[in-house]
Amino acid sequence: MRWLRNASAVERPPAHRMHCLADGLDFGPGLQVAARSSASASASRLMVPENQDNVLLIDASGHAVRLGGEAPLRTRVPGWPAGHMRLAVLDGMGGHGNGRQAAEAVATALLDVPACRTLAALSSHLDALHATLQARFRQPGDADTFRRPGTTLTLLEIAPGQAPLLYHVGDSRLYEVTADAAVPLTIDHVPATGYAMHGLLGAHEWWQQVHGEHRSQIAQAFILGNAFANPQLLDDDLRALDEATLPPFLHPLADRRALVTRPGALYLLATDGLWACEQPQPWLARWPHLLTHGTDTVDEALTCLFEACMASPPPQFYIDNMTAIAIRFTGDNTGENIDQTALPHSILTTFC
């Protein structure tokens with residue numbers, strides 16, 4: 001989250017600026033996964049800002065990787081069910097105290113959340129984790145967005161033979177990328193979304209403010225809480241955005257749902273450093289070519305995207321951390337009992 005980044009920078013060798021995180025993990029025959037985290041695409045080679053992003057990958061045999069102290073930490077989750085997987089990206093709120101530490105705490109605690117096969121179980125465990133960590137990080141007088149730490153959390157829970165389950169908090173995103181388009185499958189938890197929930201923004205105005213620009217505000221984050229009811233008042237709880245709370249044009253993008261996925265499409269879990277520029281849409285329009293043209297594996301696709309960010313970034317690209325997980329479903333985790341004709345590309349016609 002650029003608006004909350006710590007302005008201080010520390011010296012690090014350039015080789016430490018990016019970590020390839022999925023190496024050595026096994027996601028089975030039905031899933032390809034690659035992951036990268038970089039302190040910045042735009043910072044100098046000598047002065048690199050603190051990487052307050054994080055990531056969690058748990059593979060089909062319970063081997064896991066996350067970041068700790070900005071370096072990969074690998075472990076094995078005891079008793080992890082065979083074939084079950086968990087993937088998540090996190091973006092710590094750097095201008096607040098303990099932004100990196102908050103993201104690290106969530107990534108670490110996710111190792112202890114049991115594998116979940118239902119949305120109800122996943123939501124229950126993660127909402128409880130939010131409350132536990134909020135109590136741990138609470139400080140006197142922190143009941144506003146200027147002092148309490150927080151982090152985004154965009155997570156996929158993938159059980160064998162089932163459609164992936166999405167749990168989303170904050171303004172990191174999940175994209176579906178094909179040769180034709182890069183389509184967002186999540187809602188940014190930002191003031192514009194709150195205005196839309198109160199009937200103050202329509203579909204086109206919401207799209208322009210959220211996807212046509214890059215704004216430095218957030219209305220909900222893990223640990224932080226939410227400010228949807230009143231932008232001046234921070235509520236402790238997380239607010240799941242669903243059909244009961246969202247305007248109709250945002251119903252297909254509910255925060256917690258089973259995903260419709262397509263074999264061959266590339267799915268990208270990413271923090272906002274990957275589109276942090278004044279006009280994101282021209283840059284995002286390049287993603288289908290970067291991620292699908294001449295890239296046989298998700299590792300090649302993600303390498304191509306990160307290299308483009310560093311070698312030929314879009315105009316007015318902000319200094320920010322970048323973290324992404326690239327995913328391609330090739331087997332049984334595509335949701336056999338879900339209508340595959342209900343594709344998310346139709347969402348774009350609502351806004352554009």
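## A guided tour from strand β9 outward

Begin by selecting V89 and T154: V89 stands opposite T154, which belongs to strand β9. The model on display is a predicted one, and every stop below refers to that prediction.

**Strand β9 and its partners**

Extend the selection to residues 153-158, the whole of β9, a mostly covered strand in which six of six residues are buried. Colour its two faces separately. L153, L155 and E157 lie on one side, T154, L156 and I158 lie on the other, and all of them are buried, so that both faces of β9 are covered.

Next, display the neighbouring strands. Strand β8, residues 85-91, pairs with β9 in the antiparallel sense over five bridges. Strand β10, residues 165-169, also runs antiparallel to β9 and is joined to it by five bridges. To find the register with β10, select L155 and then Y167, its bridge partner in that strand. Follow the chain through the hairpin of β9 and β10, where six residues lie between the strands; within this hairpin, G161 takes a positive phi near 75°.

**A salt bridge between β8 and β9**

Return to E157 and show its side chain together with that of R86. The two form a salt bridge, with their closest N and O atoms 2.6 Å apart. This pair links distant parts of the chain, since E157 sits in strand β9 and R86 in strand β8, 71 residues apart. Are these two residues buried or exposed? Both E157 and R86 are buried.

**Further salt bridges**

Side chains of opposite charge can pair when their charged atoms come close. How many salt bridges does a search of the whole structure find? The search finds nine.

Select D299 and R36, whose side chains meet in a salt bridge at 2.8 Å, N to O. Here too distant parts of the chain are linked: D299 is in helix α7 (residues 298-311) and R36 in strand β3 (residues 31-38), 263 residues apart. The two ends of this bridge can be compared by accessibility. D299 is partly exposed, with a relative accessible area of 33%, whereas R36 counts as buried because its relative accessibility is 4%.

Move on to E213 and R215, another pair whose side chains meet in a salt bridge, at 2.7 Å from N to O. E213 counts as partly exposed at 23% relative accessibility, and R215 is likewise partly exposed, with a relative accessible area of 43%. To close this part of the tour, select R138, R148 and D236 together; these residues are linked in a network of salt bridges.

**Helix α4**

Select residues 203-211, which make up helix α4, and highlight A203, W206, W207, V210 and H211, which are buried. Why do these residues lie on the same side of α4? They cover an arc of only 100° around the axis, which places them on one side of the helix. An α-helix has 3.6 residues a turn, so residues three or four places apart point the same way.

**The surroundings of L268**

The final stop is L268, located in strand β16, residues 266-270. L268 counts as buried because its relative accessibility is 0%. Show its surroundings: neighbours within four places in sequence aside, L268 is in contact with R173, L174, Y175, W287, L291, L302, L305, A324, I325 and A326. From that set, pick L291 and draw the C-alpha to C-alpha distance to L268: the two residues are 9.8 Å apart in space and 23 residues apart in sequence.

Conventions: Residues numbered from 1 in each chain as written. Predicted model: local features only at pLDDT ≥ 70, side-chain atom pairs only at ≥ 80, totals over all residues. Heavy atoms only, no water. Buried < 20%, exposed > 50% of the residue type's maximum accessible area, 1.4 Å probe, protein only. Helix = DSSP H or I, 4+ residues; strand = E, 2+ residues; numbered from the N terminus. Pairing = 2+ DSSP bridges. Contact = heavy atoms within 4.5 Å. Arc of directions from axis to C-beta. Salt bridge = Lys/Arg side-chain N within 4 Å of Asp/Glu carboxyl O.
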